[in-house]
Amino acid sequence: EDITRILEDEEAIRYEEEISRNPFILNSWLRYLDFKKRARPRERFFLFERALRCLPRSYKLWRQYLQERQAQIKGKSVTDKRNTILVNTYERALVHLHKMPRIWLDYCELLMNLQRGTRTRRTFDRALQALPVTQHDRIWSLYLQWVQDFAVKETAVKIYRRYLMYDPQHREEFVDYLVSVGHYDEAAQQLAECVNDDNFVSPGGHSKHQMWMRLCDMCAKHPEEVGTLKVDAIIRSGLARFTDEVGRLWCKLADYYIRLGQFERARDVFEEGINSVMTVRDFSLIFDTYAQFEESVLSAKMNADEEDEEDEEDEEEDDIDVDGNDVELRLARLEHIMERRPLLLSSVLLRQNPHNVPEWHKRVKLYEDAEDLRNVIVCYTEAVKTVVPSQATGKPHTLWLAFAKFYEDHGDVASARTILQKAVEVAYKTVDDLAEVWCGWGEMELRVAEACSAEDDADGAAEGYQAALEVMQRATAEPPASVIRQRALEAQGRGSKTEIPVQERLHKSVRVWTFYLDLEESLGTVDTTRAAYDRVLELRIATPQVILNYAAFLEENKYFEESFTVFEKGVAAFRWPHVKALWHQYLDRFIKRYAGDKLERARDLFEQALKDCPADTSAELFLKYAKLEEQHGLVRHAMAVYDRAVQAVEEAQRFDMYMLYIRKAESFYGVTRTRQIYEQAIKLLPDVDAQKMAVQYATVEKKLGEIDRARAIFTHGSQFTNPKREPEFWKQWHDFEVAHGNEDTFREMLRVKRSVQTAFANETFYDMASSELPVQSDAEALAKMQARGQGPGGMGSAGDAAADMAGVAGQKRKAAEGGALETDMEALERQAARIMAATKEAELRDNPVAAVPTSNPEEIDLDEDDEDDEDAGAGRGRGEEEEEEAAGQQRRREEEDLGLKRKAIPAAVFGEGLAEQAAAAQEDASKAPAMGALERLRQGKS
């Protein structure tokens, strides 16, 4: 039938003829198949069979044939006969194409879909045998996918073992599968091999630490399944290997024995872990787990007692199945564990640092709170043996002192002395530590003596005081002469150098000598005390306080000149500021002793004290010096001292010192003498204090009726007073003019204020142009203006003018001629005019339009500059006038082009009279022809 259908198709006959001529050409068959692409499957399968009979090793023909066969059975039942035909077709194809992995993969996928387990496994094995090893990875990926879904676990495990022979790096995947199917023993073995293999790299990116912790978890949670490995050894090896997971590993080891039912072994593990961990975090983890375990066991026992007797005999609870009721015992065990927690925690901290002195004290305190005296002694003994002073954290000598105090408190003074005798022989890190031990020993002897005194035991008290003195005499004794010679040779380089122990340096300890001096003053004689103080001075270890104590001691015993000698030694030994207290005490006691009897000697002392005295501490000495002169000397000497003081003290105290100087001068010589002081103060003080002093000076002159002098002082003070920063000064001047001035003086005050405001406004302009931070004082602003005057361009001229007006920072402005106060304002006006002219010139160069004059509605025209302009223009020649006239005409044309208009000035600015004059002038100007600025200026002058 197929042949008949072919013979009936003429087009097909053409392809048949081509095939008959060349049956072994692949393209002919492919063209014929393409022609038959719409034919029935049966016809195409027949054509494929004919083609494969001629070309049995053609991969392309087999691939298309198998795909069409597979597409035909898609969605059909696995029992369809066509599935068998397809399987047989694959088998026929593999006879010729057994080296093609794609054919094997498609065949295996077909068998996986047909759920034929044994045949699928064998086919995978055949594929692995047929293909080269370089292509096995393609087969194994599909093989393992099928194995994971396969129901027979034993088969899957065996296949995985074979796969690990091919690629051991995927052993971790095998472990995951074994865990999923419950084969924990083999999973632990495989994971142990991963951990032990140094070359193993986890495909999932897990580290050795993570795999080790997983192995420990697996062994601890499944102790009965994991029987081939030594779990205890594995976990203990992890303890030494991973120190950051010690707490978790101890808990896992204990959990391993708990799951096995070996509760006592688990308790031993907990105790061992608590006594070996080094961190508080690990300790807290183990202790909490331990307490939880004991609570769970106690709960289980209490529940078991409530049940029937048959339930109590369960084999899984052998540990809690004992004769009698042991609930109380287990409860006591739990309470004991909780009570031990502070001591166990202290042990952890001491294992971290056995030289931690504060922690040893805390541990002793725990035993003292528990009233365990035996363990207190044991703890102190262990502490002083363990702590090395050179490595100690804290003060190691406090352990010895506390140990001796413990025996002292319990009445065993002899043992306390023995402890202290051993303590003074320890090689401490610093001399101060050894000094504290000796002082503590002396204080203990004093306490013993006081206790004897309280019990009316005079002999015991005397022995105690004498023992305290002997102890401190031993402490302050110098080393033997042989030791001193040895140290001298070492210093000269003639002997082997060794570190000098603290015992040989103790005799120069200030702490020891201070305590010894106190004892000598209290218990010794005057001669022994003086000898002790003199020894301190010889050793050159005296402090200012020791000098003060020695002088006070001599003064109490009526040795006044000797005390002054001690003061002389003290002020010669120390420098400022340490000698400050010595000088003040020396001067106070000398004046108290001799008052005015030895005035020259007192003056010499003050001069000696002030010679090197810093400015910040000299004020008090000057005041004492002046007071001495006032009470016992001459007034002019006192005034001379005050005059020196105002120049010597620091700047912050200078204003107050001037005020005191003025009050003293007024009280001794009268108000008129203060004028010289006021003028000196205004000259030397900073600007802020100078303007305050000017106000005070003006107030004094006003009270004296010297109005003109007060006005001149206000005028002078205004030079360094910014109206925006110091409005109070200008308000006082304003009130002064209102009360004592007239219209002319008031207008003069306003003119001065504008001039000064212009000068300071120019400073602000320069400050903003330079984009710098705001100035903090007038002197700083003037200094910046002077610095800018050295720059290029037109700004330099304005800066120079401001610098000429201001002078350097810290100096007062002076008049151009004569130096009188009356000429200062005239110089200021001339300088302000120069500043304004330079500014206008710079603006004209930069922007000619901006140079066109405009009216200021708030300006008050005092017509005072016209006279200067007339004087300046009187000497001009005819040629200059013609040039100016031509320039004026050009200026008028520019103004007309720009359309500039004059703005009226409010009448409130001038008042009634001046407003009428302004209106008349405006009317005359409207009638007159248009003129430039220069013509209007000339007309106004004429």
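This passage walks through two helix pairs, one further helix with its surroundings, and a few loop residues in a predicted model.

A good place to start is the pair formed by helix α22 (residues 373-386) and helix α23 (residues 397-409). Their axes lie 10 Å apart and meet at an angle of about 155 degrees. Angles over 145 degrees count as roughly antiparallel, and α22 and α23 are therefore described in that way. The crossing of α22 with α23 is left-handed. On the α22 side, the contact is made by L373, V376, I377, Y380, T381, A383 and V384, while α23 contributes L399, W400, A402, F403, F406 and Y407. Sorted by class, this contact of α22 with α23 holds 12 nonpolar residues and one polar residue, with no charged residues.

The second pair brings together helix α11 (residues 171-181) and helix α13 (residues 208-221). Here the packing angle is about 20 degrees, and the axes are 14 Å apart. Because angles under 35 degrees count as roughly parallel, α11 and α13 are roughly parallel to each other. The crossing of α11 and α13 is again a left-handed one. E172, V175, D176 and V179 of α11 make the contact with M211, R214 and M218 of α13. By class, four of the residues in the contact of α11 with α13 are nonpolar and three are charged, and none is polar.

Helix α33 (residues 580-594) offers a simple check on helix geometry. With 15 residues at 1.5 Å a residue, α33 should span 21 Å, and its end C-alpha atoms are indeed 21 Å apart, so expectation and model agree. Which residues of α33 are buried? They are L582, W583, H584, Y586, L587, R589, F590 and Y594. The cover over these buried residues of α33 includes four other helices: α31 (544-556), α32 (560-573), α34 (599-611) and α35 (618-632).

The stretches on either side of α33 are also worth a look. In the loop between α32 and α33 sits P577, and the peptide bond joining W576 and P577 is cis, with omega at about 5 degrees. After α33 comes A595, which has a positive phi near 50 degrees. As background, most residues other than glycine have a negative phi, and most peptide bonds are trans.

Positive phi values turn up in other loops as well. Q115, found in the loop between α7 (101-113) and α8 (117-130), is a residue other than glycine with phi near 60 degrees. Is Q115 buried or exposed? Its relative accessibility is 68%, so Q115 counts as exposed. R540 lies in the loop between α30 (526-539) and α31. Although R540 is not a glycine, its phi is positive, at about 60 degrees. With a relative accessible area of 75%, R540 is exposed.

One last loop residue is N353, placed between α20 (341-352) and α21 (357-369). The relative accessible area of N353 is 22%, which means that N353 is partly exposed. N353 and Q391 are separated by 38 residues in sequence, and in space their C-alpha atoms are 9.7 Å apart.

Key: Residues numbered from 1 in each chain as written. Predicted model: local features only at pLDDT ≥ 70, side-chain atom pairs only at ≥ 80, totals over all residues. Heavy atoms only, no water. Axes fitted to C-alpha atoms, helices over the stretch in contact; angles between N-to-C directions. Helix = DSSP H or I, 4+ residues; strand = E, 2+ residues; numbered from the N terminus. Parallel < 35°, antiparallel > 145°, perpendicular 65-115°, else oblique. Left-handed = near helix turned anticlockwise from the far one by under 90°. Contact = heavy atoms within 4.5 Å. Nonpolar A, V, L, I, M, F, W, Y, C, P; charged D, E, K, R; others polar. Expected span 1.5 Å × (residues − 1). Buried < 20%, exposed > 50% of the residue type's maximum accessible area, 1.4 Å probe, protein only.
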